[in-house]
Amino acid sequence: AMAAMARALPRPGRRFRWRIWASAGGVRGAAGGAAAAQLGRKVAVVDYVEPSPRGTKWGLGGTCVNVGCIPKKLMHYAALLGHMIQDAHHYGWEVAQPIQHDWKKMAEAVQNHVKSLNWGHRVQLQDIEGALEYGITSDDIFWLKESPGKTLVVGASYVALECAGFLTGIGLDTTVMMRSIPLRGFDQQMSSLVTEHMESHGTQFLRGCTPSRIRKLPDGQLQVTWEDRLSGKEDMGTFDTVLWAIGRVPETRSLNLEKAGVNTNPKNQKILVDSQEATSVPHIYAIGDVAEGRPELTPTAIMAGRLLAQRLFGQSSDLMDYNNVPTTVFTPLEYGCVGLSEEQAVARHGQENIEVYHAYYKPLEFTVAEKDASQCYIKMVCLREPPQLVLGLHFLGPNAGEVTQGFALGIKCGASYAQVMRTVGIHPTCSEEVVKLRISKRSGLDPTVTGCG
Ligand SMILES: Cc1cc2nc3c(=O)[nH]c(=O)nc-3n(C[C@H](O)[C@H](O)[C@H](O)COP(=O)(O)OP(=O)(O)OC[C@H]3O[C@@H](n4cnc5c(N)ncnc54)[C@H](O)[C@@H]3O)c2cc1C
């Protein structure tokens, strides 16, 4: 998706002053535009949706509302509900088994909610025969009227794993095909636990594989041919749906930005910006997914938009701080994180100068339901030198987003390991396991939590 904001600066010696805020209708456009309007400015919101290769398009609100966070979280919740219904009989509920899921009903409810909120992307698939004709994207999955059936999800991003997670969770035969590592940019130990958990709950993985061809069979199924990059051999499988989740590219080319002197990164077409969000033309700004090097997350885009409006029109000089931005991957076992991954901390400070505290724990609700908690894991990455500044927190377990948000405040305020250890836990919760992280990796001790200690 793309958008840019422009302000025509008053020119010296001119009698009339023009200040224009123009933006596309994504979250950043809405937030920045609203903030500018509140400051008494005239605001124009321009929004155009380039249909997905499958033809899906939507109303105002940008990616998050229509084809991103909102429908994704609702479908993730639908899958979690299925698991809870399965757990319910352990708690005395009599639920007729096997339980059935109705895609049509879920899709309609989710789509109605998205429509009630309504007030680009182009996946680069031209090399793969049949990809555009027969594949769909994450934009389409949330708007499908019928169940996708047996699905191949191609990609290893959080979007790929989240989609594969909820499809598995509602009972569909789901396979993820990934070329290299899962969740690039995230802590790799945590990422491995995420995929390990998915695998143990029925999602199949084809690792080190890339698709080369899709053909439609006479019975309507899609025959996918792929190359196993390790063995160099070709393999084949049939699916009802192929879902591409291999990344989004901003549509800046059609804007002729070079004519205005706005520089983009030729590799990914993102707009180059500085700490003020200004492009190479100082009175043109870019915020959100379209800007180079920014996290592709709704709340960062919203905050950056508000701060820019305040700087431009409200005399504030506060810049957006892109450090320690918390986020959560809504896979079946949720992964929340804030700050540096262990790899980033080692690269920045050196292995010898960091201390990692960790624990495998069992959420209380898992016990009665006899659920496996092998991947419920927390680690806190700290500087080794006392008081051991917290560099990053990684939490894998239920409600990870809710757990991570509060700790993000502490980390933003410069919390140390010593301060976290002096924070009283809320019992019995999963969050309290964070304030009880006593075992360091360096000690080599078993980090499995065994009781209410
Ligand atoms: C499946 C999925 C799940 C996600 N889940 C999460 C999540 O859980 N949490 C989270 O924080 N983030 C999530 N994101 C990311 C989040 O949606 C984006 O970071 C956020 O929407 C970025 O906002 P934006 O305003 O920069 O861009 P967008 O929301 O994409 O808005 C840009 C707008 O500009 C319009 N536009 C494009 N080109 C033009 C043009 N030439 N002229 C006029 N208008 C144009 C587009 O149609 C769009 O409406 C998810 C994304 C996806 C795809």
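How many aromatic pairs does the count come to? In this predicted model, the count comes to five aromatic pairs. Take Phe142 and Phe166: their rings sit 6.1 Å apart, centre to centre, with 40° between the planes, and that makes the pair tilted. The two residues come from distant parts of the chain, 24 residues apart. Phe142 belongs to the loop between helix 6 (138-141) and strand 5 (151-154), while Phe166 is part of helix 7 (residues 158-169). As for solvent, both Phe142 and Phe166 are buried.

Aromatic faces also turn up with charges over them. Lys150 lies over the face of Phe239, 5.0 Å from the ring centre. Likewise, Lys371 lies over the face of Phe366, here at 4.9 Å from the ring centre.

On to the strands. Strands 8, 9 and 10 make up an open sheet of three strands, ordered 8-9-10 and paired antiparallel. Its edges are strand 8 (209-216) and strand 10 (234-239), each of which pairs on one side only. From one strand to the next, the twist averages 25°. Six bridges join strand 9 (residues 222-228) to strand 10 in the antiparallel sense. Across from Asp235 in strand 10 stands Trp226.

Next, the charged side chains. Side chains of opposite charge can pair when their charged atoms come close, and the structure holds 17 salt bridges. One of them joins Arg248 to Asp139, with 3.2 Å between the closest N and O atoms. This is a link between distant parts of the chain, 109 residues apart: Arg248 is in the loop between strand 11 (241-244) and helix 9 (257-260), and Asp139 is in helix 6. The two ends differ in exposure: Arg248 counts as partly exposed at 23% relative accessibility, whereas Asp139 counts as buried at 1%.

Glu342 and Lys441 also meet in a salt bridge, at 2.7 Å from N to O. Again distant parts of the chain are linked, with Glu342 in helix 11 (residues 342-349) and Lys441 in the segment after helix 14 (417-421), 99 residues apart. Glu342 counts as buried, its relative accessibility being 14%, and Lys441 is partly exposed, with a relative accessible area of 29%. Then there is Arg384, whose salt bridge with Glu352 has its closest N and O atoms 3.1 Å apart. Arg384 lies in the loop between strand 16 (377-383) and strand 17 (390-396), and Glu352 in the loop between helix 11 and strand 15 (354-360), so this salt bridge ties together parts 32 residues apart in sequence. Arg384 counts as partly exposed, at 32% relative accessibility. Salt bridges with shared partners also bring Asp187, Glu342, Lys379 and Lys441 into one network.

That leaves the cysteines. How many disulfides does the structure hold? The total is zero. A disulfide needs two cysteine sulfur atoms within 2.5 Å. For Cys376, the closest cysteine sulfur is that of Cys430, and because the two sulfurs are 6.9 Å apart, they are too far for a bond. Cys413 has its closest cysteine sulfur in Cys382, 16 Å away, so this pair is too far for a bond as well. Buried or exposed, where do Cys376 and Cys413 fall? Cys376 is buried, with a relative accessible area of 1%, whereas Cys413 is exposed, with 62%.

Notes. Residues numbered from 1 in each chain as written. Predicted model: local features only at pLDDT ≥ 70, side-chain atom pairs only at ≥ 80, totals over all residues. Heavy atoms only, no water. Phe/Tyr/Trp six-rings, centres within 6.5 Å; stacked < 30°, edge-to-face > 60°. Helix = DSSP H or I, 4+ residues; strand = E, 2+ residues; numbered from the N terminus. Buried < 20%, exposed > 50% of the residue type's maximum accessible area, 1.4 Å probe, protein only. Lys NZ or Arg CZ within 6 Å of the ring centre and 35° of its normal. Pairing = 2+ DSSP bridges. Axes fitted to C-alpha atoms, helices over the stretch in contact; angles between N-to-C directions. Salt bridge = Lys/Arg side-chain N within 4 Å of Asp/Glu carboxyl O.
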